[in-house]
Amino acid sequence: MALVKLKEFCIPESPGQVSACAAKYGDNALILGGGSFIHGLEARGLLSEVEALIDIRKLGLAGMAATGEGVRIGAMTTFAELEKLPELASAAWLGALKDALTYPPMQIKNVATVGGCIAASCPFFDIPTAFLALDAKLTVSGAGAKREIGLAELFAGLFENSLEPGELITEVRLAKPAGRAASAFIKLEGTANDLAIVNAAVRISVDAAGVCQEVRIALGGGVGDSVVRSASAEKLLLGQKLSADLIQHAAEAVGQDISPMEDHRATAAYRLAMAKVITRRALNQALSRLN
Amino acid sequence: MLMTNLNVVGKRVLRQDAYEKVVGGKGFPVNFSLPGMLHGKMLRSPYPHARILRIDTSRAEQLPGVKAVMTPKDVPQIPFNPIFFMPAGSMGIHRDMLILSDTVRFAGQPVAAVAATTVAIAEQALQLIDVEYEELLAVFDPEEAMKEGAPEIHVGVKNNIRDTPSFSAGDVEAGFKDADYIFEGTYETQRVHTCYMEPRVCVSDTDSNGHITIYSSIGHLFGLRERMAYVLGLPVSKVTAVQAPYVGGSFGSKIDFAYIEALSALLSAKTRKPVRFEHTRYEDFICNARHPMKVHLKTGIKKDGTFTARYASTLCDTSAYSTHGPEVILVHAYFGLMLGYRSPHMKWEGTVVFTNNMPGGAFRGYGAPQAAFAVESQIDEICDKLGFDPIEFRLKNTPRQGDPHPFNPEWKLNSYALDECLNKGAERMGWSQRAKTGSASGAKKRGIGMAAHPLWVSGCVGFPDIYEHSGAIIRLNVDGTAYLSSATMDIGSGQNTTLCQIAAEELGLAFDSVRMAPGNTDNLPFDAPTHASRVTYSSGNAVKVAAADAKKNLLEVAATVMEANVADLEVRDGMITVKGSPAQAMSVADVVKRAESPFMVIGAQGPAPTTLKEKGTIMGISSVAPPANASPAVAEFVEVEVDTETGQVKVLRAVYAHDLGRVVNPAAAEGQVEGGLQQGIGFALMEKMLFDPETGACLTSDFLDYKMPTAVEMPSKIECIFIESNEPTGPFGAKSLAEACLIVPAPAIANAIYNAIGVRIRSLPITPEKILAALGKL
Amino acid sequence: MKQLISLEVNGDTHEIAVEADATLLSVLRDNLGLIGAKRGCDSGGCGCCTVHVDGKAVYSCMMYALSAQGQEIVTIEGLGTEGKLDPVQDTFVKEGAVQCGYCTCGMIMTAKQLLHDDPHPDEHAIRHGIAGNLCRCTGYHKIVEAIKTAADN
């Protein structure tokens with residue numbers, strides 16, 4: 001993990017100290033969450049200019065709370081801590097998050113943070129896909145005013161986020177959807193210790209007549225530079241009475257909204273085909289949670 | 001008859017080194033250090049094929065903490081071959097590597113080296129070495145490399161063809177004319193890495209007389225000494241290789257020289273300090289790997305299910321250097337492709353080709369996994385097409401116990417129980433209930449498949465120029481225990497425990513009374529590398545001979561002390577008794593004490609001079625060649641589940657049946673099977689080294705990108721059936737086990753996939769994409 | 001430039017000067033002589049370097065030493081009491097779960113947390129629990145058995 005230009009390792013205890021360090025190093029300061037993807041970034045040549053690491057574990061950003069409106073998760077909450085949120089065991093609408101948290105190895109869950117995995121803007125991660133389907137909102141703070149953004153606004157490209165120097169994600173909020181809602185997440189992986197080939201998360205609300213009231217379909221795992229929503233598939237389902245044929249049809253439609261990559265994990269053609277298969281499976285898994 | 005009254009051999013004894021390994025494992029070579037030690041690092045070429053025009057090291061040399069920098073001009077330009085199981089200067093190997101060369105032939109080849117006070121400084125210094133390269137055209141595909149006009153990788157090697165070995169028996173064309181059916185297919189295997197967990201590491205310490213002492217993770221102590229001396233132009237007596245008590249895995253890889261051993265010695269000589277190198281995982285990945293091979297197989301069959309002719313050709317990418325290529329292809333051909341099944345007419349033609357790929361190395365099975373994938377897949381195709389039972393078909397065409405050994409008719413297949421392997425394995429798996437191919441319904445389909453390897457090796461005996469002999473020293477202690485010393489390296493599979501069991505059994509001691517005492521090349525007899533499934537059989541034989549020698553000496557002393565005849569004495573559990581009069585007993589400890597005692601002993605009548613003729617340490621030594629190549633036989637059955645929507649395959653169950661002559665340690669034997677299956681599933685389904693098609697750079701250089709099975713991908717049921725056929729030339733009847741465990745899984749899995757979904761994949765790994773494509777879904 | 005830090009390891013406090021980008025693994029091995037955590041890949045892929053930080057199994061090659069300050073670090077050397085092996089260590093020996101042994105210490109540290117969180121894990125939970133630790137020798141079979149046995153005892 002050699003960072004050849006590293007000059008300073010800051011462990012700020014207040015937002016002001018974060019700003020000070022960030023002001024000094026600008027774009028060459030890297031905010032450190034759990035640190036579990038540092039090697040991944042370094043191996044891709046993305047850290048060669050880093051001069052300062054800002055370890056934000058002392059800012060008190062860990063913690064989570066559930067209310068009638070939904071769930072608030074501090075950015076430095078680890079996956080392992082988040083897994084213990086009682087609502088995950090019982091709330092069908094949080095199923096996608098519960099599913100996504102089962103995949104990472106123990107050592108990653110123990111350090112990887114909710115904020116870090118989002119800010120990394122890595123299209124191969126799992127939790128961001130689940131968050132996108134759950135319509136996550138982020139609180140971002142920095143030298144300027146606190147701001148609220150939707151998750152999709154954060155992603156600015158492959159390993160690129162839209163945060164300004166010194167800005168960091170402080171909280172992730174998941175609003176409980178209205179009606180009978182459930183969600184699910186599925187990852188296709190080479191081994192149980194691998195980045196996703198493709199992953200898919202869905203959240204769906206269905207009324208008593210079996211008509212889809214609301215739906216979110218998100219895909220990740222190299223189907224684009226960022227995790228993406230499939231508007232085409234969502235449109236096919238919204239307001240329609242659900243059937244196996246319709247679900248199959250909607251799953252096929254995700255192909256219109258993704259541009260899969262070709263790499264050593266999979267060809268673009270395989271990713272495209274699998275995006276459809278696991279979208280269908282994720283829809284069915286979510287629907288099974290409504291019964 | 002299998003001896004049944006054994007006390008130690010055959011028992012599930014606990015590994016002696018395990019206690020140390022669970023608390024930290026201080027004996028791993030990676031933990032070795034010396035005071036004042038410097039750290040070495042290599043600068044590696046970014047180009048796959050280039051000439052070095054100029055190297056400027058001046059900036060690196062000025063960096064504080066840098067103690068020495070080496071470039072090709074500082075290094076003896078003595079061509080060598082890194083493989084250890086043949087003498088460095090033997091006729092049979094091509095010597096075309098240099099420690100540092102001004103011609104680069106693969107991406108990542110070292111071009112310079114640095115020794116500095118810390119690893120970080122050494123790494124920083126590498127950035128300050130300026131190298132001017134003249135880039136040359138590179139070729140990575142062996143078929144392209146053979147074409148006219150392809151880049152010349154080694155001067156004078158026409159079309160980059162290193163070797164074209166072949167053999168022929170009978171008239172294969174006539175055989176095909178006699179055939180009722182002819183089957184033909186091409187089977188491809190990929191470049192996979194051994195992925196030993198402990199990185200390659202070494203510390204060299206050169207004294208002021210120029211004597212080099214090296215501590216290393218290498219799996220052949222004497223090979224290391226010999227190759228060091230050879231490449232440095234020194235007599236072997238100027239090099240001492242020190243044995244580590246254990247090494248963190250090899251699987252074949254570490255029976256080769258890497259670059260670090262010689263570089264550490266040279267840097268140590270230059271700086272007069274010990275110099276340590278440790279590979280990064282990337283460096284380990286590009287150090288050596290299994291040879292990719294393309295096998296074309298043509299087989300003539302009669303209606304009765306016997307072979308009329310077997311023809312094969314093999315294209316082997318030996319990489320940028322010869323290394324193992326010319327040798328691995330022969331083992332592949334004889335013990336992989338041809339000798340396991342009888343045919344009146346056989347012909348094989350091999351082609352070993354240079355490319356600009358990373359070096360080929362040894363990997364468990366040494367050419368046989370590539371062969372077995374072809375042969376066992378094709379037999380499955382034949383049986384499927386012609387309606388033969390795959391087990392009966394194999395039994396009809398394989399050698400039988402008592403037959404002359406197909407490799408060397410001067411040997412006999414004294415013990416050979418392939419039939420039991422096949423029949424017992426089939427019964428355990430429920431083979432007779434196997435569903436018809438492709439008959440499973442639903443998106444997830446299950447299937448059962450099997451593969452055999454009728455004839456493998458116990459020691460790789462019989463090839464020209466191969467080191468074969470082993471030696472051992474046994475010393476008895478005054479407390480009734482024994483030290484065993486052997487130059488065999490325990491690379492992880494528990495050889496030391498197995499050898500201690502053999503020694504204890506022969507000596508008549510309890511297992512806990514024998515301890516492995518590590519040594520070095522100055523004080524140990526020669527032993528061949530830990531390779532070729534040879535340690536239990538070949539080193540085991542040497543240990544048994546040394547133990548028998550020590551026991552003879554022990555009983556001679558005992559006979560004098562006990563006033564008995566040697567022939568009447570026996571040893572069991574540390575006690576020496578006179579046969580037929582158990583009251584006359586003396587412990588081994590007391591006999592050794594007497595032998596090592598001063599010239600006076602205190603008896604009931606007071607001090608008296610001893611009357612013993614034999615004085616001093618009771619020892620036994622040996623240096624022997626293995627008597628034969630006692631072939632084990634193996635069959636494996638697997639059940640898989642194929643997700644026909646995603647193409648993903650899960651291995652649900654494996655039954656592995658192996659004739660190993662005699663089980664010395666059941667837990668260690670099972671461990672070989674279980675670990676072999678992990679490597680086999682990786683080879684069959686997911687592992688593949690990938691390289692940038694332009695630059696040749698390794699893209700799978702860590703475990704994020706090189707995927708091997710985790711505990712989740714392994715079946716929860718792995719069942720071992722060990723058949724004890726009692727090989728008369730083996731120690732207590734033992735033959736070998738290790739490599740076969742990785743030879744059979746891939747074809748067994750491929751055949752099970754065929755049974756599940758009715759499509760045949762003839763190239764490894766069988767990825768989800770290949771399955772979907774074969775099913776017409778991609 | 002080096003910084004002076006203080007680390008709590010196995011109940012002892014160590015004052016050490018480290019580079020800002022030094023990993024916990026390198027400090028444990030190279031500064032403190034605690035060689036139980038192994039360098040297998042240095043990239044969070046193999047698990048040989050697993051230690052506990054505040055009771056949680058982590059890849060010590062992926063944690064900066066500076067980030068580990070103020071937390072309780074336990075390595076394999078910190079297991080067991082008064083010369084006696086920890087039951088998980090003992091079971092690994094007795095079940096034959098150790099071959100080359102290079103992954104063993106990391107595997108045991110992972111197993112310790114697994115059994116702490118779930119004293120009676122089923123086989124599925126064990127296999128997923130150790131999925132972040134690679135082993136090339138054993139096929140994981142006897143490791144899984146050893147963890148089952150340790151849970152039963």
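## Domains of chain A

Domain bounds here come from an automatic or database domain assignment. For chain A, that assignment gives domain 1 (8–56), domain 2 (64–175) and domain 3 (181–288). Keep in mind that this is a predicted model.

Take the first two of these. The C-alpha centres of domain 1 and domain 2 of chain A sit 19 Å apart, and the contact draws 17 residues from domain 1 of chain A and 18 residues from domain 2 of chain A. On the domain 1 side, helix 1 (15–25) and strand 2 (29–32) of chain A are the elements giving two or more residues. Helix 1 of chain A has the largest share there, with 5 residues. Sorted by class, that side of domain 1 of chain A has 10 nonpolar, 6 polar and 1 charged residues.

## Where chain C meets chain B

Chain C puts 41 residues in contact with 44 residues of chain B. Looking at the chain C side, the elements that give two or more residues are helix 2 (87–94), helix 3 (104–117), helix 4 (123–129) and helix 5 (141–152) of chain C. Helix 2 of chain C gives the most, with 4 residues. As for what the chain C side is made of, its residues split into 20 nonpolar, 13 polar and 8 charged.

## Where chain C meets chain A

Chain C also touches chain A: 22 residues of chain C are in contact with 22 residues of chain A. This time strand 4 (56–59), helix 3 and helix 4 of chain C each supply at least two residues to the chain C side. Helix 3 and helix 4 of chain C are thus named for the side facing chain B and for the side facing chain A.

Strand 4 of chain C gives the most to the side that touches chain A, with 4 residues. That side of chain C divides into 9 nonpolar, 11 polar and 2 charged residues.

## An open sheet in chain B

Over in chain B, 4 strands make an open sheet in the order 20-19-18-26, with mixed pairing. Strand 20 (514–516) and strand 26 (619–624) of chain B are the edges, each pairing on one side only. On average, neighbouring strands of this sheet are turned by 20° against each other, direction ignored.

Strand 18 (residues 470–476) and strand 26 of chain B run antiparallel and are joined by 6 bridges. To find your way around this pair, start at Ile474(B), which stands opposite Gly620(B) in strand 26 of chain B.

The sheet has a helix to go with it. Helix 14 (residues 535–562) of chain B lies across strand 18, strand 19 (482–485) and strand 26 of chain B, and runs at about 145° to strand 26 of chain B.

## A helix pair in chain B

Helix 9 (residues 325–338) and helix 10 (residues 368–386) of chain B pack at an angle of about 35°, their axes 8 Å apart. The crossing of helix 9 of chain B past helix 10 of chain B is right-handed.

From helix 9 of chain B, the contact uses Val331(B), His332(B), Phe335(B), Gly336(B) and Leu337(B). Helix 10 of chain B answers with Ala368(B), Gln370(B), Ala371(B), Ala372(B) and Val375(B). By class, the residues of this helix 9 to helix 10 contact in chain B come out as 7 nonpolar, 3 polar and no charged.

Methods:
Residues numbered from 1 in each chain as written. Chains lettered and ligands numbered in written order. Predicted model: local features only at pLDDT ≥ 70, side-chain atom pairs only at ≥ 80, totals over all residues. Contact = placed C-beta atoms within 7 Å. Nonpolar A, V, L, I, M, F, W, Y, C, P; charged D, E, K, R; others polar. Pairing = 2+ DSSP bridges. Axes fitted to C-alpha atoms, helices over the stretch in contact; angles between N-to-C directions. Left-handed = near helix turned anticlockwise from the far one by under 90°.
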